[in-house]
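Here's a quick tour of one structure, going from charged pairs to the core and the aromatic rings. Have the 3D view open as you read.

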Amino acid sequence: MITREVKIRVRYKETDAMGVVHHSNYVTYYETARTEMLREFGTTYRKLEESGVMLPVRDVSMRFFVPARYDDLLTVRITLREMPTAKMVFYHEVLNEAGELVNTGTIVLVFMNAATRRACRVPDWFADIFRPYFE
């Protein structure tokens with residue numbers, strides 16, 4: 001299992017008329033955490049796409065607990081619990097500065113051959129990055 005944390009400060013434009021972070025922004029927070037996790041492991045979406053593989057989102061699910069507001073410093077905790085195969089499943093917890101659980105969410109991404117637009121298995125070089133954490 002791999003877990004990492006990313007800090008994100010809520011910007012004014014991410015809030016709605018009630019001063020609360022609009023629900024659509026959590027997907028962006030998850031993506032930021034995912035991108036930073038990949039970068040920490042020495043890879044990027046760009047490298048994956050240059051190798052001919054894309055990683056589109058298949059499923060998103062979320063639950064909300066307490067509101068986040070403008071200028072809150074959020075911690076997005078991202079966890080990869082299983083070795084990537086034909087898909088990668090990321091689990092997210094968003095906490096506020098008081099340590100309260102704001103939101104949880106799961107994102108399922110699938111590996112896709114960029115040329116054929118068909119599902120494929122995780123590339124070996126990409127799997128090798130994560131393999132030591134799941135042996």
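## A charged network

Start with the charges: Glu-5, Arg-77 and Glu-93 are joined up in a network of salt bridges. Keep in mind that this is a predicted model. Within that network, Arg-77 pairs with Glu-5, and their closest N and O atoms sit 2.9 Å apart. Arg-77 belongs to strand β4 (residues 73-80) and Glu-5 to strand β1, so this pair ties together parts that are 72 residues apart in sequence. Neither partner is buried: Arg-77 is partly exposed at 26% relative accessible area, and Glu-5 is partly exposed at 46%.

## Other salt bridges

How many salt bridges turn up in a search of the whole structure? The count is 8. Another of them joins the side chains of Arg-4 and Glu-40, at 2.6 Å from N to O. Here the link runs from strand β1 (residues 2-9), home of Arg-4, to helix α1 (residues 25-40), where Glu-40 lies, so parts 36 residues apart in sequence get tied together. Arg-4 is partly exposed, with a relative accessible area of 22%.

Then there's Arg-58 with Asp-59, a salt bridge whose closest N and O atoms are 2.9 Å apart. Arg-58 is partly exposed at 47% relative accessible area, and Asp-59 is partly exposed too, at 35%.

## The nonpolar core

As a rule, nonpolar side chains in soluble globular proteins tend to be buried together. In this model the largest nonpolar core has 34 residues, and the ones with the most contacts inside it are Tyr-26, Tyr-29, Met-88, Phe-111, Phe-126 and Phe-130. The elements giving two or more residues to this core are β1, α1, α2 (45-50), β4, β5 (87-95), β6 (101-110) and α3 (124-130). Helix α1 provides the largest share, with 6 residues.

Met-88 is a good place to look around. Setting aside residues up to four places away in sequence, Met-88 touches Leu-55, Leu-80, Ile-107, Val-108, Leu-109, Phe-111, Phe-126 and Phe-130.

## Two threonines

Thr-15 sits in the loop between β1 and α1, and at 16% relative accessibility it counts as buried. Its side chain reaches the backbone oxygen of Tyr-12 at 2.7 Å. Beyond residues up to four places away in sequence, Thr-15 touches Val-10, Val-20, Val-21, His-22, Arg-69 and Tyr-70.

Thr-32, by contrast, is in helix α1 and counts as partly exposed at 31% relative accessibility. Leaving aside neighbours within four places in sequence, Thr-32 is in contact with Val-6 and Ile-8. Thr-32 and Val-76 are 44 residues apart in sequence, with 8.9 Å between their C-alpha atoms.

## A buried aspartate

Which side chain of opposite charge is nearest to Asp-72, and how far away is it? It's Arg-69, at 6.1 Å, and Asp-72 is buried with no salt bridge. A salt bridge needs a nitrogen and a carboxyl oxygen within 4 Å.

Asp-72 is in the loop between β3 (57-64) and β4. Its side chain does have a polar atom 2.8 Å from the backbone nitrogen of Arg-69. Apart from neighbours within four places in sequence, Asp-72 is in contact with Ile-8, Arg-9, Val-10 and Glu-97.

## Aromatic rings

Searching the whole structure gives 8 aromatic pairs. One of them is Phe-41 with Tyr-133, edge-to-face, with 5.3 Å centre to centre and 90 degrees between the planes. Phe-41 is in the loop between α1 and α2 and Tyr-133 in the segment after α3, so the pair ties together parts 92 residues apart in sequence. Phe-41 is buried, at 14% relative accessible area, whereas Tyr-133 counts as partly exposed at 39%.

Trp-125 and Phe-126 have ring centres 5.6 Å apart and planes at 90 degrees, so this pair is edge-to-face. Trp-125 is partly exposed at 35% relative accessible area, while Phe-126 is buried at 1%. To pull the rings together: Phe-41, Phe-111, Trp-125, Phe-126, Phe-130 and Tyr-133 form one aromatic cluster.

Methods:
Residues are numbered from 1 along each chain as its sequence is written. This is a predicted model: local features need pLDDT of at least 70, side-chain atom pairs count only at pLDDT 80 or more; totals for chains, interfaces and linings use all residues. Side-chain values use heavy atoms; hydrogens and water are left out. Helices (H or I, at least four residues) and strands (E, at least two) are DSSP runs, numbered from the N terminus. Buried means under 20% relative accessible area, exposed over 50%, partly exposed in between (1.4 Å probe, protein chains only). A nonpolar core is a set of buried Ala, Val, Leu, Ile, Met, Phe, Trp, Tyr and Cys residues joined through side-chain atoms within 4.5 Å. Contact means heavy atoms within 4.5 Å. A polar contact is a pair of N or O atoms within 3.5 Å; within protein, one must be able to donate a hydrogen and the other to accept it, and residues adjacent in sequence count only if both atoms are side-chain atoms. Lys and Arg count as positive and Asp and Glu as negative; His and the chain ends are not counted. Rings of Phe, Tyr and Trp (its six-membered ring) pair if their centres lie within 6.5 Å; planes under 30 degrees apart count as stacked, over 60 as edge-to-face and the rest as tilted.
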